[in-house]
Amino acid sequence: MTWTIAPEPFDSPVAAALWRAYYTEVSDRWYLLHEGRRTEPEELEREIAAHTGSELAPPGGRLLVARYEGTPAGSAGVRLLDPATAELKRVFVREEMRGRGGAPRLVTAAEEAARELGAKAMILDTRHDLVEARGLYTRLGYEETEPHNDDQYAEHWFRKGLN
């Protein structure tokens, strides 16, 4: 059983399917927690259209897709914020593929992509309810920091040097 991770165009059908799965899950989790409902279809479509992932395209970004035994199973994106700082985005593994080591592999591959872009540090933000993500980042050496953005959904901010 093998994982492969490779760059993928942000607008490919594979990337679009993974983005839809990612966004549906994180959006549903937020709405269920705060409003007791799932994401409305029109809300989902509006947000997907508004956040295409184009910031993850070369030359200043990368979208990576993980495949488990050839099947698209997850993604992670990197974008340069400045010449020395990259931001980790859209880390996701399909629910049925979790527990097989894909998430740490994706983050490690994203760190390598950030280094290739010239970054010396990686930052990210996440929500309080995404406890699995916060645990993953901590295990991989990320340290919680002060806020580095004002994203309305960000509740935890992390940083890791990429020496």
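## Rings, charges and the nonpolar core

Arg90 lies over the face of Trp19, at 3.4 Å from the ring centre, where a charge is taken to sit over a ring if NZ of Lys or CZ of Arg is within 6 Å of the ring centre and within 35 degrees of the ring normal. The model is a predicted one, in which local features need pLDDT of at least 70 and side-chain atom pairs count only at pLDDT 80 or more, while totals for chains, interfaces and linings use all residues. Residues are numbered from 1 along each chain as its sequence is written, and side-chain values use heavy atoms, with hydrogens and water left out.

A second charge of this kind belongs to Arg37, whose charged end sits over the ring of Tyr31, 4.1 Å from the centre of that ring. Trp19 also belongs to a cluster with Tyr22, Tyr23 and Phe92, linked by ring pairs; rings of Phe, Tyr and Trp (its six-membered ring) pair if their centres lie within 6.5 Å, and planes under 30 degrees apart count as stacked, over 60 as edge-to-face and the rest as tilted. By this rule the count comes to 8 aromatic pairs, and two of them are set out here.

| Pair | Distance between centres | Angle between planes | Class |
|---|---|---|---|
| Trp30 and Tyr31 | 5.1 Å | 85 degrees | edge-to-face |
| Tyr137 and Phe158 | 6.0 Å | 55 degrees | tilted |

The pair of Tyr137 and Phe158 links distant parts of the chain, with Tyr137 in helix α4 and Phe158 in strand β7 (residues 156–161), 21 residues apart; helices (H or I, at least four residues) and strands (E, at least two) are DSSP runs, numbered from the N terminus. Tyr137 is buried, with a relative accessible area of 7%, and Phe158 is buried at 2%, where buried means under 20% relative accessible area, exposed over 50% and partly exposed in between (1.4 Å probe, protein chains only). In the other pair, Trp30 is partly exposed at 21%, whereas Tyr31 counts as buried at 13%.

Tyr31 is one of the buried residues of α1, which also include Trp19, Tyr22 and Tyr23. What covers the buried residues of α1 includes α2, β2, β3 and β4. The 23 residues of α1 should span 33 Å (1.5 Å times one less than the number of residues), and the end C-alpha atoms of α1 are 31 Å apart, which agrees. Gly36 follows α1 and has a positive phi, near 65 degrees.

The largest nonpolar core (buried Ala, Val, Leu, Ile, Met, Phe, Trp, Tyr and Cys residues joined through side-chain atoms within 4.5 Å) has 37 residues, of which Leu88, Met122, Tyr137 and Tyr142 touch the most other members. Among the elements that give two or more residues to this core are α1 (13–35), β4 (85–93) and α4 (131–139). Leaving aside neighbours within four places in sequence, Leu88 is in contact (heavy atoms within 4.5 Å) with residues including Val107, Met122, Tyr137 and Tyr142.

Glu87 is found in strand β4 and, at 3% relative accessibility, counts as buried. A polar contact of 2.7 Å joins the side chains of Glu87 and Arg79; such a contact is a pair of N or O atoms within 3.5 Å, and within protein one must be able to donate a hydrogen and the other to accept it, while residues adjacent in sequence count only if both atoms are side-chain atoms. With neighbours within four places in sequence set aside, the contacts of Glu87 include Leu81, Met122 and His148. Leu81 lies in strand β3 and is partly exposed, at 41% relative accessibility.
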